[in-house]
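User: I'm new to this one and want to know what stands behind the terms. Can you walk me through the reasoning?

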Amino acid sequence: MTSKPSSASTTPLESLRTAFIESAYTDGAKSFRRGRHLLDTSDLAHDEVDSLIETATLAKRIIRRSKASLDLLTDKVVATVFFENSTRTRSSFDLAARTLGARVINLDISTSSVTKGETINDTAATLIALGVDAIIQRHSASGACHQLLPTIPSHVSVINAGDGWNAHPTQGLLDLFTMMEVGGSVEGKKIAIVGDIKHSRVARSNIRLLVPLGANVHACAPPSLLPEGITEMGVIPHVDLAPALENADFVIALRMQTERQQQGLITSLDDYRKLWRLDHSRMKMAKPTVRLLHPGPINRGVELTPELADDISISLINLQVSNGVPVRMAALLLLLVPEVFK
Ligand code: CP
């Protein structure tokens, strides 16, 4: 970043750009930046969440008008380091970083020296030696981002793009952003999370974000897919769909994570469909205005019917994906923008 834009900006886009930059200097934004990393939503204070949502709102208004680079983080380099596959998260972080003007290294793990036994800490150290300012990491092991921290220098941020069953903070934030865009504040709203909650980092990050914001969070799954301690997280658990869906404002369906299943957690996918698959008929148990979210990728016909997934009068799935870009722009801007303009 070279100079603060003139207050004499006149076009709507210039005004939005100015507001976007200024949103990075609120107390909440500065507090978030002092934390340096984004590892989970449980680390976020209320004013930090407010700042991220405000900045993402401005980012969305900007990218609706123009997809051109904002040239704000031109001296920054970010690396996406995905040890697990991704369509949405990686692409939207890449797009978000480039829209902010940063340069991006998308490390291809399958052709990297990880295949020769390089550790995640050595991979991170190598990227930092190359000049990276932020490492956006996804890994199948819970706590993989925390493992990096002792060897991360103070000028580098780590963003958790999903670690095992533990956390996926930007997904939680974009789910919140999407629900707020559709229904305003989540305070007092009934939000039912349905599906494979035990293996879901998305569910954990959503719960850790939504409960402190005053949402009325319910969880519904087969008993073997409800995690221990769910009640202590401030969530009302259910095995039956009806009480979970009754009067719900939002339903967050989760993917059946067959790759993380131990044998025997559910009797069969057919049994799961009979009792827990969401369809139009079951969604009628919720409020008439209910909206459906799903972090993706979806297993069509398992956790929800294709007809429901594709019904844009109910489904917010595509909106969630597109909101991933402004939300990740907000996270990157707030973490990487200099504390003062140079
Ligand atoms: N929601 C989500 O994390 O999707 P991807 O695995 O495609 O990134």
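Analyst: Sure, starting with domains: their bounds come from an automatic or database domain assignment. Here that assignment gives domain 1 (12-164 + 324-336) and domain 2 (169-311). The model is predicted, so local features need pLDDT of at least 70 and side-chain atom pairs count only at pLDDT 80 or more, while totals for chains, interfaces and linings use all residues. Residues are numbered from 1 along each chain as its sequence is written, and side-chain values use heavy atoms, with hydrogens and water left out.

User: Why is the ligand said to lie between domain 1 and domain 2?

Analyst: Because both domains give residues to the shell around the ligand. That shell takes in residues with a heavy atom within 4 Å of the molecule, and its members include Ser-86, Arg-138, His-168 and Pro-295.

User: What makes the pair at Ser-86 and the ligand a polar contact?

Analyst: A polar contact is a pair of N or O atoms within 3.5 Å. A polar side-chain atom of Ser-86 lies 2.6 Å from an oxygen atom of the ligand, so the pair meets that cut-off. His-168 also offers a polar side-chain atom, 2.9 Å from a ligand oxygen. With Arg-88 a backbone N or O atom is involved, 2.9 Å from an oxygen of the ligand.

User: How do you know which residues of the shell are called charged?

Analyst: Asp, Glu, Lys and Arg count as charged. The shell holds Arg-88 and Arg-138, and its tally is 1 nonpolar, 6 polar and 2 charged.

User: What makes domain 1 and domain 2 count as in contact?

Analyst: Contact means heavy atoms within 4.5 Å. By that rule, 28 residues of domain 1 touch 18 residues of domain 2.

Technical notes
A polar contact is a pair of N or O atoms within 3.5 Å; within protein, one must be able to donate a hydrogen and the other to accept it, and residues adjacent in sequence count only if both atoms are side-chain atoms.
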